[in-house]
Amino acid sequence: QVQLVESGGGLVQAGGSLRLSCSASGNILSINVMGWYRQAPGKQRELVAAIVSGGSTNYADSVKGRFTISRDNPKNTVYLQMNSLKPDDTAVYYCNVGGVAFGTGRFGSWGQGTQVTVSS
């Protein structure tokens, strides 16, 4: 079983910055992809950014140039640096990790979610 623990959400004014962290633990053999999703009230969950084991990244158009995803492989941790935040970035942010676990094979796990609120 793989567990994810997120941290770093909060309240910030427009134009400000926040950094989210997500650490994975458990019987992890390898991690292939780590990503961040968000869900605003009344909207579907959407991909914000993802990073694969080789380091390639993918971003939603709405956050390109403002958000940066990175990972620390030895620590099984993924970060999301969010700059120039806008009120439209307000949402619950979820970490998602996919890989292979000892004994159980492929896994895909979600974090508990962390609230990001951007005031205007």
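When I say salt bridge today, I mean a side-chain nitrogen of Lys or Arg within 4 Å of a carboxyl oxygen of Asp or Glu. Keep that in mind, please, and hello everyone. One word of caution before the tour: what you see above is a predicted model.

Let's start with the charged pairs. How many salt bridges does a search of the whole structure find? There are 4 of them. The general idea is simple: side chains of opposite charge can pair when their charged atoms come close.

My favourite is the pair of D89 and R38, whose side chains meet with 3.0 Å from N to O. D89 sits in the loop between strand 8 and strand 9, while R38 belongs to strand 4, so this salt bridge ties together parts that are 51 residues apart in sequence. Are these two residues buried or exposed? Both D89 and R38 are buried.

D89 has another partner, too. Its side chain also meets that of R66 in a salt bridge, this time with 2.8 Å from N to O. R66 is in the loop between strand 6, residues 57–59, and strand 7, and D89 is in the loop between strand 8 and strand 9, so here the pair ties together parts that are 23 residues apart in sequence. R66 counts as buried because its relative accessibility is 11%, and for D89 the value is 1%, so D89 counts as buried as well. If you follow the shared partners, the salt bridges join R38, E46, R66 and D89 into one network.

Elsewhere, K64 forms a salt bridge with D61, and their closest N and O atoms are 3.1 Å apart. D61 is at 63% relative accessibility, over the 50% cut-off, so D61 counts as exposed.

While we are in the loop between strand 8 and strand 9, have a look at D88, which is placed there too. With a relative accessibility of 70%, D88 counts as exposed because the cut-off is over 50%. Y59 is 29 residues from D88 along the chain, and the C-alpha atoms of the two are separated by 16 Å.

Now for the sheet. Strands of a sheet pair through backbone hydrogen bonds, either parallel or antiparallel. Here, 4 strands form an open sheet in the order 1-3-8-7, and the pairing is antiparallel. Strand 1 and strand 7 are the edge strands, each pairing on one side only. From one strand to the next, the twist averages 15°.

Let me zoom in on strand 7 and strand 8. They run antiparallel and are joined by 6 bridges. Among the facing residues, F67 has M82 in strand 8 as its bridge partner, and R71 stands opposite V78 in strand 8. The two strands form a hairpin with 4 residues between them, and in the turn N76 has a positive phi of about 50°.

Strand 7 also shows a neat pattern. In a regular strand the side chains alternate between the two faces of the sheet. Which side chains of strand 7 point to the buried face? Those are F67, I69 and R71, whereas T68, S70 and D72 point to the other face and are not buried.

That brings us to the inside. The largest nonpolar core has 32 residues, and the members touching the most others are W36, L80, M82 and Y93. Several strands each supply at least two residues of this core, including strand 1 (2–7), strand 3 (18–26), strand 4 (28–39) and strand 8 (77–82). Which strand gives the most? Strand 9 does, with 5 residues.

Take L80 as an example. Leaving aside neighbours within four places in sequence, L80 is in contact with W36 and Y93, and also with residues including L18, L20, V48, F67 and I69.

Finally, the disulfide. The structure holds 1, and it joins C22 to C95, with 2.1 Å from S to S. C22 is in strand 3 and C95 in strand 9, 73 residues apart, and the pair links distant parts of the chain. The angle about the S-S bond is -80°, and the link of C22 and C95 is left-handed. Both cysteines, C22 and C95, are buried.

If you take one picture home, let it be D89, buried and joined in one network with R38, E46 and R66. Thanks for listening!

Methods. Residues are numbered from 1 along each chain as its sequence is written. This is a predicted model: local features need pLDDT of at least 70, side-chain atom pairs count only at pLDDT 80 or more; totals for chains, interfaces and linings use all residues. Side-chain values use heavy atoms; hydrogens and water are left out. A nonpolar core is a set of buried Ala, Val, Leu, Ile, Met, Phe, Trp, Tyr and Cys residues joined through side-chain atoms within 4.5 Å. Buried means under 20% relative accessible area, exposed over 50%, partly exposed in between (1.4 Å probe, protein chains only). Contact means heavy atoms within 4.5 Å. A disulfide is a pair of cysteine sulfur atoms within 2.5 Å. Two strands pair if DSSP finds at least two bridges between them. Axes are lines fitted to C-alpha atoms, for helices over the stretch in contact, and angles run from 0 to 180 degrees between N-to-C directions.
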